[in-house]
Structure formats: structure tokens, C-alpha cells
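Visitor: I would like a close look at a single part of this model, taken slowly. Please start from one element and work outward from there.

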Amino acid sequence: MRPDDANVAGNVHGGTILKMIEEAGAIISTRHCNSQNGERCVAALARVERTDFLSPMCIGEVAHVSAEITYTSKHSVEVQVNVMSENILTGTKKLTNKATLWYVPLSLKNVDKVLEVPPVVYSRQEQEEEGRKRYEAQKLERMETKWRNGDIVQPVLNPEPNTVSYSQSSLIHLVGPSDCTLHGFVHGGVTMKLMDEVAGIVAARHCKTNIVTASVDAINFHDKIRKGCVITISGRMTFTSNKSMEIEVLVDADPVVDNSQKRYRAASAFFTYVSLSQEGKSLPVPQLVPETEDEKKRFEEGKGRYVQMKAKRQGRAEPQP
Amino acid sequence: MRPDDANVAGNVHGGTILKMIEEAGAIISTRHCNSQNGERCVAALARVERTDFLSPMCIGEVAHVSAEITYTSKHSVEVQVNVMSENILTGTKKLTNKATLWYVPLSLKNVDKVLEVPPVVYSRQEQEEEGRKRYEAQKLERMETKWRNGDIVQPVLNPEPNTVSYSQSSLIHLVGPSDCTLHGFVHGGVTMKLMDEVAGIVAARHCKTNIVTASVDAINFHDKIRKGCVITISGRMTFTSNKSMEIEVLVDADPVVDNSQKRYRAASAFFTYVSLSQEGKSLPVPQLVPETEDEKKRFEEGKGRYVQMKAKRQGRAEPQP
Amino acid sequence: MRPDDANVAGNVHGGTILKMIEEAGAIISTRHCNSQNGERCVAALARVERTDFLSPMCIGEVAHVSAEITYTSKHSVEVQVNVMSENILTGTKKLTNKATLWYVPLSLKNVDKVLEVPPVVYSRQEQEEEGRKRYEAQKLERMETKWRNGDIVQPVLNPEPNTVSYSQSSLIHLVGPSDCTLHGFVHGGVTMKLMDEVAGIVAARHCKTNIVTASVDAINFHDKIRKGCVITISGRMTFTSNKSMEIEVLVDADPVVDNSQKRYRAASAFFTYVSLSQEGKSLPVPQLVPETEDEKKRFEEGKGRYVQMKAKRQGRAEPQP
């Protein structure tokens, strides 16, 4: 991990870790999908399941990324990726992240054509059944979120501190050759890195301290982003708890040189950030003040996700008799 | 702004800011030139007007770049770009830079063909007339500078400190994919970043302190630089005032793998640098010792530009009755 | 491997591979040197043994880098690194590179102090004895080359094609944070990548075709390059055989902001390049025309290395009865 991978306090950006995770996932799933004779293909990221950043990684540490294929449906591959951080001076190793990604194989001859996935061999029979359940659950959720993301982030003049408008941020990025696969669409990991960057700016503007990514909600990639697009990544805060902030990030692709194609929503997700003191302890965050009806609605939805997640975590930590 | 965008003292390189400015200009002008049906095109940078760096930007700050089309001629687009730096911890915002850029739309089918620009709609009628004047003025200056840049930077053995030869520097750069647009020529912003890098090394060699870009003279792009070229960027000091250094930077392109084409001058400009103490105050600079007739002539020309610019600035600061 | 790692023909730069090799070596040797309690340290590259690029790597392939500690002396670590390329579409794997690197542990408190290396455990006893021989041999060679590289690359006006002056090239590079370890000196891999870049430009200027690195002579790092230096990397062709070019690359560090320190030679090596047709076959190269006495002397020395290496290779291929 190098200085450019980290924020001023030396904590590696969540986006850098997401990018590594996606690179590992893309390699293992492309390899698997080409393991039988037949049409050559490249694996495109379709979805990343909700993931927590369990411990921070710092500049100078070595990241170990390992990936395994855990399920295949007819047209998709599920990959489990683990990230460990190693301090090579002290020898300490820590689990940083566990993530689950879904890939879809696209034909090299025609990247709009989805190919079939060779079936994976399971060591235990239950694995297939468990995988199928995860597959069905994510398919359902993908469909739901497709409709959720209608609106866009509107700029507001002279916003008050602690409002949504005060911290909301957008960045535009002209897609270049090194952002893309050989087949002319943007790596999922590149998009996620930019999403985390915007979310981080929103969080820092809101609470004006050192902030780090705590978790990322499932990210759905509704459509490929092609070479030559300009992408707009917008972030707005949706909810704050005592010690965390939820930021919604929307990715829109705009094919500037191709008049025939309209701007489209390419991806969206919720990032959760926490604020850290100089000693690395989590700090209280200023409470968000939702103003419009939409903002109040999104705040309540965010609270719902927060309460649900907290319950899930407590459920795991203190198993019921 | 990341560690790599800045020098050892934490000040963001002028070249990094120029690169962002150009990216914004290229996006907005490419979008405008493709806004009507007709042949698809990409906007290529032709000229950047003289621009001052009004206040330094630091690592960790967020840069806001906004761009607006202010004039169109038949074959060119004028873009005004403003850069603000925001310290997201304190909320302080400062104007860093105002720049004016000229773009020319090149056909995607044949990048040697210039297309027509759709006319922009002006909100006030005077805007068109004022724009036309700026257009004529820059056209005239472009022609003049085309002839100015005959010579090259000649190396000298064992130079004395404070002479031109002592600090002059050249770097070669093999153009790579990420330096280029999708259509195979180098982004103007990439060239400007390299120009600033060389100017900064010349300035640092001369005064051996922390140095920052104060302003850049108009930069004319005489010709596109294509993928696969080696570019040589050479800088030499032309003039010093008490607290500033003027450095001429010349860009030559050499199509190494294409025997049929000769080396050509692609761009040139004057950069002004100042030397800063550790507290950020401007320091006196060692006086340049011109040795040859050419160096003495260039010193006097530099002095002329310096005096003229100083008069202009005072004229603005203290308006005459 | 991404577009930026490769030349226009899609072959990954030798320098990119050298950089990965060094990264692996630095990680494994830093980890080993900190494996016992005591003063914390970071491993600095001291030498890379001669290495051949056995088969080209292409954009889109996955590089597998594995490293192993093969010998330790009191103050140095020998690391063996292997690089495989994997085409994840076809499943083909090829050995690209085998390299041997020597590292020295520097104290984190004082990077000018060399610490002791914990001894490695050998699985066979001969390994220690063989390692000691390699250690003694490289020590001897390091001393010899220290004195060889007195001279610098002198520029020449209007050189003739095929002469040394015609293709010789220099680049200057201002050392930035991402070039450096956390302890403020440049990664050996970064230096090697720049060396390969200059050698490649010299080779391309000489033969104006697609060129690739075939091998690199032992590289000795005489001294650390510190943050804030400007480094000058110069390359000149020394010898051509029918189908290969030998280029000498010299690295000089110039501590621009520190007046007390003089410019010093930091590293040097010979790179061998071959010219490839569009089908990937090796092409004849234009013969180098040495002009000065020094150039003729260097040509003969290069011929000596070429003949010796060819004999060694044939010796390996057809072992003597």
C-alpha cells in the first residue's frame, strides 16, 4: 500500500480495497468461464454483496487477496474474496474484508451477448443448495433496486451546515484506456473506487474529521460503462446514527460523442462511514438535518437499514438459545 | 489532491491543475461539438491563454473545476474554466485559477480534418462581439509565436552556477495509452503537466528551494502529438526578477517508429516560478547570469514581458481616475 | 497487465516486470529481516543478477510472481523470484523470468545503518555453500563495477543515423512520494522501470521498429536515492550483433534542494533489446557505427559480453560430454 492509496491520516481508502477485490474476482471468474472449449469470454461485474471493512489497512502494509468460486448459475458466477493486511515489520496479520461478487461472462466477439458458465464442482452437496438461495435472493434485490434510482443529485445554493445539500458532491471522470478492460468497458473496480472517493468527500465535508469506510451496501451494476463515456458520480448523505453516516452514491454514464445514446444510471450503492479521532477511536458525528420530503423519506429508509443491520450483527454476536 | 499531485512541501504542482483544467475543457467542448447531428468529433486543445495561479492548493484539499463555453467561431470553441480549492475540514474555499482555452473539433473518422462548430447561444449580445475580439487577438498571437520558436536547448559541459546552462533540463517521455485520447493523440493536459514538471526542475536547480508555479504564459499547440511518439520537453531559464524566475519550455515530438516523419515543435510557453520559504513566504532568487548573445537577448525579452505584466497588474489594482 | 504496462504492439515493458519482481523481493526480505525481535528495518535493493526475458508477456495476461529466500549472509539476503504469465482465456502458462536479487536491511531509525540478517534455514546443506559462492562472486563484481562507470553521456549536435550519438537519450525524473518507501528512498523497482524506459527509447530510435527487452545485465545499486532528488537516467547504445542491441544505462541522482550534497552515480546496467516484426519474429538490426575511441572500446567490450553469453547459453543447451 502506497501513499496514494491512503488518506492524509494513512488509512487506505475503502475504494482501493474494493478495486483489488474486484480485480481478483474478475481474474478467477474469467479463468473459470474460459475453462471449457467454446466461445472466449470476459467476466463483467454485475453485483457486489454488502461488505464490512473489519479493520483499517495502513500505508506500508502488504495486502493479501484470495478468491474462490463458490457458486455458478447458468449465466453467472459467485466469487468469495478475502483480504488480509500484513504488517511485514511486526508480522501482524488481520482480516480486513470478506466480499461476495457476482460476474456474468460476456462474449469477446460481442460484448452484449451473455454466455453460459461451466458448472463448478462442489465438495459438499449443501453448498449448491445454499448458493442457489443466495443467487435467488440477489436476483430479487437487483430487480428492486433497478427502479429505486430514478432521481439525481441537484445542486443547491448557500446550503446550511449539516443539511444534505451542504455535503453533497459530484465528480465527473472521462473514461480513459487504463480504466478499461481490453474489450472496451470500464472495470467494475475502477467505478467502485470513484464511488468510494465521492462518498469519502461527502463524509469529510459533513463531519470535518478523518473518516474511513465502515461498510458498503450491495452495489448493483445495471449496465456496462463503455470507453469514451463521461461518468458522473454523485453522493449525498441519507442518514446519520450517533457514530455513522450513510451516503448514497449514484453513477451515471453519458456517451458524449454518441448522440444516439442517452445518459443512463450505471450503478448505485450506500456507503457507511465512521469518523475517527487521531488515536483511531470512533467519534460522534453531527446529526444530519433532512429538509425536503424526499430527504426525510430517505432518512427514514436509511434508519431502517441501520436498525436492521444492527439487529443482524447483534444476532450474530449473541446467538439465541 | 493526493501526495503524488504535490511537491515535497505539500503544494500541488501547477501542472496537475493545468491537467484538470484541460480535462474539463475537453469534455465540455467535445460535448458541445457533438450536440448536433452530423459527423462525430473530438475536441483538441489549440491554445491556453495566459493564466495566474492565484493561491496555492495543498494535499488533502478538494479541487472544484467548473467550465463554460464562452464563444464559438466557425472552427473553434472558447472555454472558460475556474478552479476553486476547498479545505473540507475547515470549509474554506479559495479561487485558485481562471483559465481560457481554445479547442478545435477533429473528425473521429480522420483526425486531420477540422469540423464545424455548432454556434453557442449568447445571453447578452455584447458577448458575441467581445468573444470575436478575443478570437482575433489569439489568432494573431498564434501566428506570431509560430515563428518565434526556431531554436533548441543545447547542452553545455561543466556550467557555472546561476548561468542558463547550469539549470537547463530536458526530459524525454514515451507517449503511452493513458496519455492519449481514445483517438490516438496526446491530451493537451498531459503535455502541460510535463512542461510544468520540467520548468519546476529548472527552477529548483537554479534556486535550490521549494518553488511553485506563479503563472503560465499563453501556450500554443502547433500540432497534435500522436501515440508512439517520443516527446522531448526542454526548459531553460530566460529571466529573473528579484523574486521570480521565467522559464521557457519547448516541446518537440519525434515519431520514432515512423521513419517518414521528421521531429517537429509541438508546443512552447513561458512559466513563471517563485521560491518559497518553509513558512510559505516568497524568497529572493539568485540572479540569472546570461552568457551568450542569445541568452542576453532572451533575458531582455523576458524583462520586457515582466515589466509589461507588472504594469498591467498595477493598472488593475489601482484604477486610474 | 493493463494497456499502460505495454508498448504499442501490446508487449509488456521489461521494466514493468522488473518492478513487480523487485516489489516481491522487497516484501519477502523485509518480512524475513523483521522475523526476530530487535530493531525494525526495511530491505533496500543492492543488486539484481543478470536475467533473461524468456517469453513476452501481453496486455490482458495475469502475472504470477513468486519469491523465495535462498541465502543470507551477515548483512544481506538473496531472493529468487520467478514470474509466470497466464492467459486466462486459454489457460496457457509460461515462464517469463527468473531473477536473483540481493537486499540489505536498513534500520528504520537511521536508514544509513545496516542491520544484521537472521539466518535462513536450509533444507540441504549444500545450499548454504552454493549460496556463499554466489555471495562472494557478486561481492567481487560489485566492487569492480563501482569504478567502471566514471563517465557520463555527452550530447552531440546533428548526429548521423546509426551512430551512438543519434540514439542516445536522457530523461530526468523528479522523485515523488509514490516512487518511495515510507522511509524516504526510491524503490529499486521504480529505478529499474525508468532504466528500461530509457533503454527502450534508445533501441527504438536506433532501429525504428517494435522492440522488446531480451535481457538485463547485473544491476548494482551503489547508493540510495532519497526523496526530493532529481534523477537523470541516460542511455547509449554500446554494441549491436545481427539481431540484438546492447544499451548502457546510467542513473545519476542530484539532490536539488540540498546544496551540501553532490550529484552521484546511483546505478548502472546493460540492457539487451531485440527488434520484432509485426508477427513477433526477431528482425535484423541496423549495425551501430562507433565513432570515437571510447565508443569503439565500449563496442569491443560489448562484443566480449555477447560472445561470452552466447557460449554460456550453448554450453547450457548442449552440455559437454
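Visitor: How many residues does helix α1 of chain B have, and what does it reach from its first C-alpha to its last? Please go on from there to the core and the contacts of chain B.

Guide: This is a predicted model. Helix α1 of chain B runs over residues 14-33, which makes 20 residues. From first C-alpha to last it reaches 28 Å, close to the 28 Å expected at 1.5 Å a residue. The helix is mostly covered, with 16 of its 20 residues buried.

Next, the core. The largest nonpolar core holds 72 residues, and those that touch the most other members are Met195(B), Ile225(B), Ile233(B), Met245(B), Ile247(B) and Phe271(B). Helix α4 of chain B, residues 188-207, gives the most to this core, eleven residues. Leaving aside residues up to four places away in sequence, Ile225(B) touches ten residues' worth of neighbours listed here in part, including Val175(B), Phe185(B), Ile231(B), Val251(B) and Tyr264(B).Then the contacts with chain C. On the chain B side 27 residues are in contact with 30 residues of chain C. The two chains bury about 2500 Å² between them, 64% of it on carbon and sulfur atoms. In chain B, Ile172(B), Arg205(B) and Lys208(B) lose the most area to chain C, together 24% of what that side buries. Two salt bridges are found across this interface. Arg205(C) forms a salt bridge with Asp254(B), and the closest N and O atoms are 3.7 Å apart.

Finally, chain C superposes on chain A by a rotation of 180° with 0.1 Å of shift along its axis, at an RMSD of 0.1 Å. The two copies are thus related as by a two-fold rotation axis.

Key
Residues numbered from 1 in each chain as written. Chains lettered and ligands numbered in written order. Predicted model: local features only at pLDDT ≥ 70, side-chain atom pairs only at ≥ 80, totals over all residues. Heavy atoms only, no water. Helix = DSSP H or I, 4+ residues; strand = E, 2+ residues; numbered from the N terminus. Expected span 1.5 Å × (residues − 1). Buried < 20%, exposed > 50% of the residue type's maximum accessible area, 1.4 Å probe, protein only. Least-squares fit on C-alpha atoms with pLDDT ≥ 70 in both. Core = buried A, V, L, I, M, F, W, Y, C linked by side-chain atoms within 4.5 Å. Contact = heavy atoms within 4.5 Å. Buried area = accessible area lost by both parts, 1.4 Å probe. Salt bridge = Lys/Arg side-chain N within 4 Å of Asp/Glu carboxyl O.
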